[in-house]
Amino acid sequence: MDKEITALTRMAEVAMDFLVRYGLQILGALVVFFIGLKLALWLGARTTMLAERKSIDITLARLFGNVVKIGVLAAVVLITLGNFGISIAPLIALAGASAFGATLAIQGPLSNYGAGLAIILSRPFVVGNTIAVKGVSGVVEEVSLAATVLRNQDGEEITVPNKSINGEIIVNSRAHHVVETRVHLATDANHERAADAVRKALNGFPEIIAGPPAQIGIHEFTATGIVLGVRYWVPSRQYFQMRYAANTAILQALRDQKIMPQAI
């Protein structure tokens, strides 16, 4: 029992001696670390806000903010390690020696980061654009180094690895998406009056007027009549909502003109 008490007393003395010698140094290092962490987060957010105020694309703005945040964090970590008396030279040497093996192990993520950087710098699309790539389409919600996040017309979130985008054919319709509709008319129907009715129906939607001008004309001729082609652009996030509303308005406008579309 006496030996155990002696051992505990010795441990307590060693702990007290350590705290007396290094307590303030450790406390100071921790204070510097937490202040530096808050500063890095603040500077990163501030950089992003300033970039957005300068009308810089939001993707680039976020990249600048992240670069500043990571740079300040790296400086804070180096200062903190120095306060603890840890030399960073061996750590740098170890990082360099292990970089080759780590590269082989994380080829997938690294290729995504490289592709993400290429996308951010070349800007084939930006946040808010509607793109189609690799069989998926949607509005670009976010472009990070690792992946691009899309939101489709059903509200589903689609995460596409950047390496699957880089080098592929990308269809970018910007903020609008085209709607293509065909109206089948009888052979003796007045197609000019029908086209005017369709145009007036579409003019009733401010969302459609804000996009490129609608295109209305004879699409083709069939054995049973004339096919009127209608193409107009709607905000990508409201594709189906606007398409169904416009179809209802077009049908009502044609009925008002005593023009009945034919079923096929």
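# Close-up views of a predicted model

**View 1. R174 and its loop.** R174 sits in the loop that links strand 5 and strand 6. The model shown in this and the following views is predicted. The phi angle of R174 is near 60 degrees, a positive value in a residue other than glycine. Most residues other than glycine have a negative phi. R174 is exposed, because its relative accessible area of 51% is over the 50% cut-off.

**View 2. The whole chain.** The chain contains seven helices and eight strands. Of its 264 residues, 28% count as buried. Among contacts with a separation of 6 or more, 62% are between residues 24 or more positions apart. The chain has an accessible surface of about 16,600 Å², and carbon and sulfur atoms account for 63% of that surface.

**View 3. The open sheet of five strands.** The strand order in this open sheet is 4-3-2-1-5, and the pairing is antiparallel. Strand 4 (157–161) and strand 5 (171–172) are the edge strands, each pairing on one side only. Strands of a sheet pair through backbone hydrogen bonds. Strand 2 (residues 136–143) and strand 3 (residues 147–151) run antiparallel and are joined by four bridges. In this pair, V140 is opposite L150 of strand 3.

**View 4. The hairpin of strand 3 and strand 4.** Five bridges connect strand 3 with strand 4, and the two run antiparallel. R151 stands opposite E157, a residue of strand 4. Five residues lie between the strands of this hairpin, and G155 there has a positive phi near 85 degrees.

**View 5. The two faces of strand 4.** In a regular strand the side chains alternate between the two faces of the sheet. The covered face of strand 4 carries I158 and V160, while E157, T159 and P161 are on the uncovered face. T159, a residue of strand 4, is partly exposed, with a relative accessible area of 48%. Setting aside neighbours within four places in sequence, T159 is in contact with A147, T148 and V149. T159 and A147 are twelve residues apart in sequence, and their C-alpha atoms are 6.4 Å apart.

**View 6. The largest nonpolar core and a second core.** The largest nonpolar core has 24 residues, of which V198, L202, I208, Y232 and L254 touch the most other members. At least two residues of this core come from each of strand 6 (176–186), helix 5 (191–202), strand 8 (225–235) and helix 7 (239–256). A second core, separate from this one, has 13 residues, including V133, V143, L150 and V160.

**View 7. The surroundings of Y232.** Residues up to four places away in sequence are not counted in this view. Y232 touches H177, V178, V179 and T181, and also L202, I208 and A214. The other residues that Y232 touches are M242, R243, A246 and N247. Y232 is also one of the residues that touch the most other members of the largest nonpolar core.

**View 8. Helix 5 and its buried side.** The twelve residues of helix 5 should span 16 Å at 1.5 Å a residue, and this agrees with the 16 Å between its end C-alpha atoms. The buried residues of helix 5 are A194, A195, A197, V198, A201 and L202. These residues cover an arc of only 160 degrees around the axis, so they are on the same side of helix 5. The face turned away from that buried side carries the exposed residues E192 and K200. The buried residues of helix 5 pack against strand 6, helix 6, strand 7 (215–222), strand 8 and helix 7.

**View 9. Helix 7 and its buried face.** For the 18 residues of helix 7, 1.5 Å a residue gives an expected span of 26 Å, and the end C-alpha atoms are 26 Å apart, which agrees. Y239, M242, A246, I250, A253 and L254 are the buried residues of helix 7. Seen down the axis, these residues fall within an arc of 95 degrees, so they line one face of helix 7. In an α-helix, residues three or four places apart point the same way. Exposed residues on the other side of helix 7 are Q241, Y244, T248 and D256. The buried residues of helix 7 pack against strand 6, helix 5, helix 6 (206–209) and strand 8.

**View 10. K258 after helix 7.** K258 belongs to the segment after helix 7. Its phi is positive, at about 60 degrees, although K258 is not a glycine. K258 is exposed, with a relative accessible area of 73%.

Key: Residues are numbered from 1 along each chain as its sequence is written. This is a predicted model: local features need pLDDT of at least 70, side-chain atom pairs count only at pLDDT 80 or more; totals for chains, interfaces and linings use all residues. Side-chain values use heavy atoms; hydrogens and water are left out. Two strands pair if DSSP finds at least two bridges between them. A nonpolar core is a set of buried Ala, Val, Leu, Ile, Met, Phe, Trp, Tyr and Cys residues joined through side-chain atoms within 4.5 Å. Buried means under 20% relative accessible area, exposed over 50%, partly exposed in between (1.4 Å probe, protein chains only). Contact means heavy atoms within 4.5 Å. Accessible areas come from the Shrake-Rupley method with a 1.4 Å probe; for residues, only the protein chains shown count as cover. The expected span of a helix is 1.5 Å times one less than its number of residues. The arc is that of the directions from the helix axis to the C-beta atoms.
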